[in-house]
Amino acid sequence: MGPRELRSQSLLVGAYHHCSQMTPCAQHRIADLGDVPFRGVYNLEEAVQDIEVFYRKIASAGVLPVTAGGDHSITYPILKGLAPKKPVGLIHFDSHCDTAPPLHGSGIAHGSPMRNAVEAGLVDPHHAIQIGIRGSSEILWQFSYEHEMRVMHIEEFCELGWKKVVQEIRALMGDRPVYISFDIDCLDPAFAPGTGTPVAGGMSTFEALQTLRGLKGLNLIGGDLVEVSPPYDHAGITALAGATILFEILCLAAEA
């Protein structure tokens with residue numbers, strides 16, 4: 001129910017961005033293309049194929065997609081559907097690196113999309129940054145370190161401050177094609193309790209928005225906001241934060 005609630009809360013976000021002084025829906029052709037149609041709900045490999053096919057059609061039409069998830073496993077087939085000609089840069093906001101090995105007999109899960117994307121040659125690990133990382137699952141993310149992905153724990157983010165973090169992101173990405181993936185559990189549970197794997201000690205909504213605003217002008221090919229879970233939410237505050245972050249990514253896409 002995450003995408004549906006993000007749509008509902010987006011009514012409160014508004015159409016005008018006060019920092020960039022733009023109204024993206026007035027300046028560009030923007031539409032809600034609806035949910036990905038699935039052939040079934042019990043076959044993970046089939047679901048990945050359905051997502052890839054849906055996004056391949058979007059990419060072939062010259063459309064830049066901004067996606068409301070869904071759990072984080074969707075990022076991998078979205079990137080497959082976009083079919084970049086060479087590995088892209090990745091800006092990944094999360095409390096987890098999501099580079100875990102296959103668990104319980106499957107490698108298709110919300111804990112593994114970034115590993116899957118790197119192994120498939122979709123993401124260049126040397127131009128991938130993972131921001132806000134924390135928690136007790138560090139042992140699962142050795143892949144990130146072995147492949148020299150830039151892992152920025154939340155402690156380092158807070159010590160540097162969002163302005164210096166923006167400078168590092170921009171230097172790492174340069175002018176290459178970039179994809180942004182934002183897991184709502186990057187935010188502290190005080191700002192986003194409605195998610196399946198909350199981890200205390202995360203970013204504030206303000207820090208996240210300011211960091212995203214600093215990425216204006218990057219060569220964005222798409223983005224997503226994932227892991228909003230309405231049953232765990234209170235008064236819609238997580239979905240509202242998610243819809244607001246989605247709007248920030250939409251504005252970056254419009255300017256790109």
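When I say that two residues touch, I mean that they have heavy atoms within 4.5 Å of each other. Keep that in mind, and remember that this is a predicted model.

Okay, let's start with Ser112. Ser112 sits in the loop between strand E2 and helix H5, which covers 113–119. Leaving out residues up to four places away in sequence, Ser112 touches Asp98, Ala100, Pro101 and Gly107. Is Ser112 buried or exposed? Its relative accessibility is 3%, and buried means under 20%, so Ser112 counts as buried. For a sense of distance, take Trp162: Ser112 and Trp162 are 50 residues apart in sequence, and their C-alpha atoms are 26 Å apart in space.

Next, aromatic rings. A pair of rings is described by two things: how far apart the centres are and the angle between the planes. How many aromatic pairs do we get here? The count comes to two. One is Phe54 with Tyr55, and that pair is edge-to-face, with 5.6 Å from centre to centre and 70 degrees between the planes. Why do we call it edge-to-face? Because planes over 60 degrees apart count that way. Phe54 has a relative accessible area of 18%, so it is buried. Tyr55 is at 7% relative accessibility, so it counts as buried too.

The other pair is Phe93 with Phe182, and this one is stacked: 4.9 Å centre to centre, with 20 degrees between the planes. Now look at where those two come from. Phe93 belongs to strand E2, residues 88–93, while Phe182 belongs to strand E5, residues 178–183. They are 89 residues apart, so the pair links distant parts of the chain. Both Phe93 and Phe182 are buried.

That takes us to the nonpolar cores. The largest one has 36 residues, and the members that touch the most other members are Ile91 and Ile131. Who feeds into this core? Among the elements that supply at least two residues each are E2, strand E3 (123–133), E5 and strand E6 (220–226). Helices do it as well, including H7 (154–160) and H8 (162–173). Which helix gives the most? H10 does, with eight residues.

Let's zoom in on Ile131. Not counting residues up to four places away in sequence, its contacts include Ile91, His92, Phe93 and Asp94. Ile131 also touches Met152, Phe157, Val165, Ile169, Cys186 and Met203. You'll recognise Phe93 there from the stacked pair. There is a second, separate core too, with 22 residues, and Tyr55, Tyr76, Met114 and Ala117 are among them.

Now the helices, and how they pack. Helix H3 is residues 44–60 and helix H4 is residues 75–82; they pack at about 40 degrees, with axes 7 Å apart. That angle makes H3 oblique to H4. Their crossing is right-handed. On the H3 side, the residues in contact are Val48, Ile51, Glu52, Tyr55, Arg56 and Ala59. On the H4 side they are Pro77, Ile78, Lys80, Gly81 and Leu82.

Stay on H4 for a second. Seven of its eight residues are buried, so H4 is largely enclosed by the rest of the structure. The buried ones are Thr75, Tyr76, Pro77, Ile78, Leu79, Gly81 and Leu82. Right after H4 comes Ala83, which has a positive phi, near 45 degrees.

Second packing pair: H8 and H9. Their angle is about 35 degrees, and the axes are 9 Å apart. This crossing is right-handed. Trp162, Val166 and Ile169 in H8 meet Glu207, Gln210 and Thr211 in H9. So that's where Trp162, our partner in the Ser112 distance, turns up in a helix contact.

Last stop, the start of the chain. Gln9 is found in helix H1, residues 2–9. With a relative accessible area of 12%, Gln9 is buried. What does Gln9 touch, once residues up to four places away in sequence are left out? Gly236, Ala239, Leu240 and Ala243. Zooming out to whole helices, the axes of H1 and H10 come within 8 Å and cross at roughly 75 degrees. That makes H1 roughly perpendicular to H10. From H1, the contact uses Glu5, Leu6 and Gln9; from H10, it uses Ala239, Leu240, Gly242, Ala243 and Leu246. And H10, remember, is the helix that gives the most to the largest core.

That's it from me, thanks.

Methods:
Residues numbered from 1 in each chain as written. Predicted model: local features only at pLDDT ≥ 70, side-chain atom pairs only at ≥ 80, totals over all residues. Heavy atoms only, no water. Phe/Tyr/Trp six-rings, centres within 6.5 Å; stacked < 30°, edge-to-face > 60°. Buried < 20%, exposed > 50% of the residue type's maximum accessible area, 1.4 Å probe, protein only. Helix = DSSP H or I, 4+ residues; strand = E, 2+ residues; numbered from the N terminus. Core = buried A, V, L, I, M, F, W, Y, C linked by side-chain atoms within 4.5 Å. Axes fitted to C-alpha atoms, helices over the stretch in contact; angles between N-to-C directions. Parallel < 35°, antiparallel > 145°, perpendicular 65-115°, else oblique. Left-handed = near helix turned anticlockwise from the far one by under 90°.
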